[in-house]
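Please walk through the structure below with attention to how a strand is paired with its neighbours and how charged side chains meet.

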Amino acid sequence: MKLLREPLLHFALAGAALFAAHSLIDRAGYQAETVEPITITDGDVRWMVETWRRQWLREPQPAEVQAMIADLVEEEILAREAIEMGLEQDDTVVRRRLAQKLSFLVEDTSRLVGPTEDELRAFHAAHADRFETGPTVSFTQVFFNPSSRSNPEADARATLAALRGDVTAAANLGDRLLVDGDFRDLDRETIASIFGPEFGDAVFAQAPGSWSGPIASGYGQHLVFVSATTPAKAQPFDDVRDAVTAEWWREKEDAARRDYMALLRKKYPVEIDPAVRALLDGDSAQDLAQK
């Protein structure tokens, strides 16, 4: 410990640090002559300005543009030095970001050639079910609250026997619920958002014209009277052109990514450790190793 307080040791350590720093600067200066310079293009600036505009809903001031350019230069310098030092290795965040960026690049290249009118119409015809209006249902529900009843399911069954198809009598039965008792032309997703997906499936399974239940929801128990159902209906191409185009692009991007991954899997063999293989079924392990 006494040695650590010696001035001579401090001087020696400081000298060593200065020598190391000087060596690094000299080496960096030498390498700077051979390293590709950082280039900031007009496209870089336009991208930064557009990002700023979307975030702040206004045009950036000249001083703010200058600050963005300075930040971009500093970021590029630090990123290059970090890669030079190998800091990107074994970094989950960096690895995922690079994989995501490459995926975006592959998807972007698939958009170089757009679809023709005939291709879109053929795609719509081949996948007409994707562009249908969904089926809807109109129904009345009577609610039985588990918070105020000892056996809401039994009470619902007893009430069901008394209703016998009389919809008008339902207004005076059951318990108060914040949502309406009557619903018209709702699709499955809307019903699921109100009562839960299982309730929606059960309602669509009921035949119109009679009471049924009890059907459970996130609120409690319900009796349901389905008054009408509307089947799914195909939509004309001209009415769903935008949706068809978006779906066409999505499939093309997916296909481009699959094809690219197939090529990369041939380039980068995958070996599955026995301990990891034990976590996979036979087909999964074989697919990962051979794709």
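In this predicted model, V137 of one strand stands opposite L186 in β2, and this pair is a convenient place to begin following how the strands are joined. The strand β2 covers residues 182-187, and four bridges join β1 to β2, with the two strands running antiparallel. On another side of the pairing, β1 is joined by nine bridges to strand β4, made of residues 221-230, and these two strands also run antiparallel. Within that second pairing, V142 stands opposite L223 in β4.

Turning from the partners of β1 to its surroundings, one finds that the strand, which spans residues 136-144, is mostly covered, with nine of its nine residues buried. The covering applies to both faces of the strand: T136, S138, T140, V142 and F144 are buried on one side, while V137, F139, Q141 and F143 are buried on the other. V137 and V142, already met as the residues opposite L186 and L223, therefore count as buried, because that term is used for a relative accessible area under 20%, and they belong to opposite faces of β1.

The charged side chains offer a second route through the model, in which the count comes to 18 salt bridges. One of them brings together the side chains of R53 and E59, with a distance of 2.5 Å from N to O. R53 has a relative accessibility of 28% and so counts as partly exposed, and E59, at 45%, likewise counts as partly exposed. A further salt bridge is formed between the side chains of D155 and R149, where the N to O distance is 3.0 Å. Here D155 is partly exposed, its relative accessible area being 28%, and R149 is partly exposed with a value of 23%.

A salt bridge also links R157 to E153, whose closest N and O atoms are 3.1 Å apart. Both R157 and E153 lie in helix α6, which comprises residues 152-163, and they are separated by four residues, or about one turn of the helix. As for their exposure, R157 counts as partly exposed because its relative accessibility is 47%, and E153 counts as partly exposed because its relative accessibility is 35%. Beyond these individual pairs, salt bridges that share partners connect R130, E247, R250, E251 and D254 into one network.

Definitions and conventions: Residues numbered from 1 in each chain as written. Predicted model: local features only at pLDDT ≥ 70, side-chain atom pairs only at ≥ 80, totals over all residues. Heavy atoms only, no water. Buried < 20%, exposed > 50% of the residue type's maximum accessible area, 1.4 Å probe, protein only. Pairing = 2+ DSSP bridges. Salt bridge = Lys/Arg side-chain N within 4 Å of Asp/Glu carboxyl O.
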